[in-house]
Amino acid sequence: MSQEIQIVEGGYYLESIRGRVGTGDTTRDSEMKNYYRCSVINETRVRIHLLDNNDEPTGYSEEVEASELAERFEFLPDFKPREKADPKKERSNKICSRAERHMEKEEYLSAEFEYNKALALDEQSVRANFGMGQTYLAQGEPDKAKEVFKKLANIEAITEPRHKHIFNEFGMQLRKLGLFEDAVRHYSKALKISPDDENLWFNLGRALWESGDKPKASNALSNALRINPNMTAARQLLEKAYKGE
């Protein structure tokens, strides 16, 4: 049955087509979902463009009345098309893989060379910047590592869920290098994504403790213990705070 539907220039719409497939005993219900992008022609007509699996126009389109749009389609106000693959970023990631193999073999100069190549392609790469910092630390060059980690702390992508595996390790490196302000800022951003991660709370508490802010450190450590009451390291550090050590 027809219903009101928003007509939005550049908006995304879903058409669900139900039917039965197969024959005999193999017959089953099926539903096919097709996604479209809309171009407004006038107040009563639109052109809808069928999208492919990468959310790009296929070349097929239909001109339909607003009433048909309402009958056939569902408006998707929150639809986000897939990001286009970036060849440079893909190449950068492949080079990072080579660099990581060199790191495993303790071939630090070769790793540094590869990470530089990766950064030339994608200077905002979390993977390449973190790897480069680790390479400098392995070569006994903490000042160079500090510069890389300071830069990385300001790259917003560091706190995206896909980089969760380096949240803690990166923060610990910042703390060990005495970059307490950057470490605290990093852990605070990470906790917005993973607020129930006791390790993030503990490491935030430790960074605050070492920076001299014991009241805030106590609060962070208490949060870690609220999530995991058996976290011995957090309890021991919190006891020091209560004793004023």
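**Exercise 1. Which residues are linked with Glu15 in a network of salt bridges?** Work it out on this predicted model, starting from one pair and moving outwards.

*Solution.*
- Step 1: start with glutamate 15. Its salt-bridge partner is arginine 72, and the closest N and O atoms are 2.9 Å apart. A salt bridge needs that gap to be within 4 Å, so this pair passes.
- Step 2: locate the two ends. Glutamate 15 sits in strand 1 and arginine 72 in helix 1, so the bridge ties together parts that are 57 residues apart in sequence.
- Step 3: widen the view. Glu15, Glu62, Glu68 and Arg72 are linked in a network of salt bridges. That's your answer: Glu62, Glu68 and Arg72.

**Exercise 2. Is glutamate 15 buried or exposed? And how does arginine 72 count?**

*Solution.*
- Step 1: grab the cut-offs. Buried means under 20% relative accessible area, exposed means over 50%, and partly exposed is in between.
- Step 2: glutamate 15 has 9%, so call it buried.
- Step 3: arginine 72 has 23%, so call it partly exposed.

**Exercise 3. Where do lysine 117 and glutamate 114 lie, and how many residues apart are they?** Then sort each one by its accessibility.

*Solution.*
- Step 1: both are in helix 3 (residues 108-121), 3 residues apart, which is about one turn of the helix.
- Step 2: look at the atoms. The two form a salt bridge, with the closest N and O atoms 3.7 Å apart.
- Step 3: sort them. Lysine 117 is partly exposed at 31%, while glutamate 114 is buried at 9%.
- Step 4: zoom out. The whole structure holds 13 salt bridges.

**Exercise 4. How are the rings of tyrosine 12 and phenylalanine 79 arranged?** Do the same for tyrosine 36 and phenylalanine 73.

*Solution.*
- Step 1: know what to look for. A pair of aromatic rings is described by the distance of the centres and the angle of the planes.
- Step 2: there are 7 aromatic pairs in the whole structure. In one of them, the rings of tyrosine 12 and phenylalanine 79 have centres 4.8 Å apart and planes at 40°, so the pair is tilted.
- Step 3: see what this pair links. Tyrosine 12 is in strand 1 (residues 12-21), and phenylalanine 79 is in the loop between strand 5 and helix 2, 67 residues apart.
- Step 4: now the other pair. The rings of tyrosine 36 and phenylalanine 73 have centres 5.2 Å apart and planes at 85°, so they're edge-to-face.
- Step 5: tyrosine 36 belongs to strand 2 and phenylalanine 73 to the loop between helix 1 and strand 5, so this pair ties together parts 37 residues apart in sequence.
- Step 6: check burial. Tyrosine 36 is buried at 3%, and phenylalanine 73 is buried at 4%.
- Step 7: look for a cluster. Tyr12, Tyr35 and Phe79 form one.

**Exercise 5. How many residues does the largest nonpolar core have, and which have the most contacts inside it?**

*Solution.*
- Step 1: recall the trend. In soluble globular proteins, nonpolar side chains tend to be buried together.
- Step 2: this core has 48 residues, and Tyr115, Phe149, Leu152, Phe170 and Leu204 have the most contacts inside it.
- Step 3: find the top contributor. That's helix 8 (residues 198-211), giving 7 residues.
- Step 4: spot the other group. A second, separate core has 10 residues, including Tyr13, Tyr36, Leu50 and Leu69.

Key. Residues are numbered from 1 along each chain as its sequence is written. This is a predicted model: local features need pLDDT of at least 70, side-chain atom pairs count only at pLDDT 80 or more; totals for chains, interfaces and linings use all residues. Side-chain values use heavy atoms; hydrogens and water are left out. Rings of Phe, Tyr and Trp (its six-membered ring) pair if their centres lie within 6.5 Å; planes under 30 degrees apart count as stacked, over 60 as edge-to-face and the rest as tilted. Helices (H or I, at least four residues) and strands (E, at least two) are DSSP runs, numbered from the N terminus. Buried means under 20% relative accessible area, exposed over 50%, partly exposed in between (1.4 Å probe, protein chains only). A nonpolar core is a set of buried Ala, Val, Leu, Ile, Met, Phe, Trp, Tyr and Cys residues joined through side-chain atoms within 4.5 Å. A salt bridge is a side-chain nitrogen of Lys or Arg within 4 Å of a carboxyl oxygen of Asp or Glu.
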